[in-house]
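Let's work through a few short exercises together. Keep the structure open beside you and try each task before reading its solution.

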Amino acid sequence: EGGARNGHVTVPPRLAGRGAPVGVNLGKNKLTPEAAAADDYALGVRALGHTADYIVVNISSPNTPGLRALQGKAHLKGLLRKVLGARDEAAKRS
């Protein structure tokens with residue numbers, strides 16, 4: 001859907017205290033340029049990672065223009081590097 005960033009603020013309180021595994025599906029905001037896409041994913045990890053048991057890096061939404069361009073090896077490598085870096089930073093803080 002290329003959702004708005006307000007989910008990073010509104011979702012964590014709703015997920016707190018869930019008794020079942022919680023997954024977070026991250027995607028690029030549709031207004032974010034392709035060159036800055038990895039920043040959207042890293043922001044999602046920093047904002048929601050502490051509430052998730054697992055995180056999905058979604059690079060295949062037909063509703064988000066240009067998202068599938070991130071499936072190329074070079075883009076995907078950089079994106080995953082940034083996501084994993086954000087995950088590791090969050091783990092150090094918790």
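**Exercise 1. Describe the second largest pocket of this predicted model: how much space lies in it, and which residues line it?**

Solution. Start with the volume: the second largest pocket holds about 170 Å³ of space. Next, find its lining, made up of Val 45, Arg 46, Gly 49, His 50, Ile 55, Arg 87, Ala 90, Ala 91, Arg 93 and Ser 94. Now place these residues on the fold: α2 (37-48) and α3 (73-93) are the elements that each supply two or more of them. Helix α3 gives the most, with 4 residues. Finally, sort the lining by character, which yields 4 nonpolar, 3 polar and 3 charged residues.

**Exercise 2. Find the residues of the largest nonpolar core that touch the most other members, and say which element gives the most to this core.**

Solution. The largest nonpolar core has 16 residues, and Leu 26, Tyr 41, Leu 70 and Leu 79 touch the most other members. Two or more residues come from each of β1 (23-26), α2 and α3. Helix α2 gives the most, with 7 residues. Then zoom in on Leu 79: leaving aside neighbours within four places in sequence, Leu 79 contacts Ala 38, Tyr 41, Val 57 and Leu 70.

**Exercise 3. Which elements have the lowest and the highest mean pLDDT?**

Solution. Begin with the whole chain, where the mean pLDDT is 83 and 91% of residues reach 70 or more. Then compare elements: helix α1 (residues 7-15) has the lowest mean, 72, and strand β2 (residues 54-57) the highest, 92. Remember that predicted coordinates should not be read in detail where pLDDT is low.

Terms used:
Residues numbered from 1 in each chain as written. Predicted model: local features only at pLDDT ≥ 70, side-chain atom pairs only at ≥ 80, totals over all residues. Heavy atoms only, no water. 1 Å grid on protein atoms, 1.4 Å probe; cavity = no way out; pocket = protein on both sides within 12 Å on 5 of 7 lines; lining within 4 Å. Points joined across faces, edges and corners; volume = space filled by probe spheres on them. Nonpolar A, V, L, I, M, F, W, Y, C, P; charged D, E, K, R; others polar. pLDDT = per-residue confidence, 0-100. Core = buried A, V, L, I, M, F, W, Y, C linked by side-chain atoms within 4.5 Å. Buried < 20%, exposed > 50% of the residue type's maximum accessible area, 1.4 Å probe, protein only. Contact = heavy atoms within 4.5 Å.
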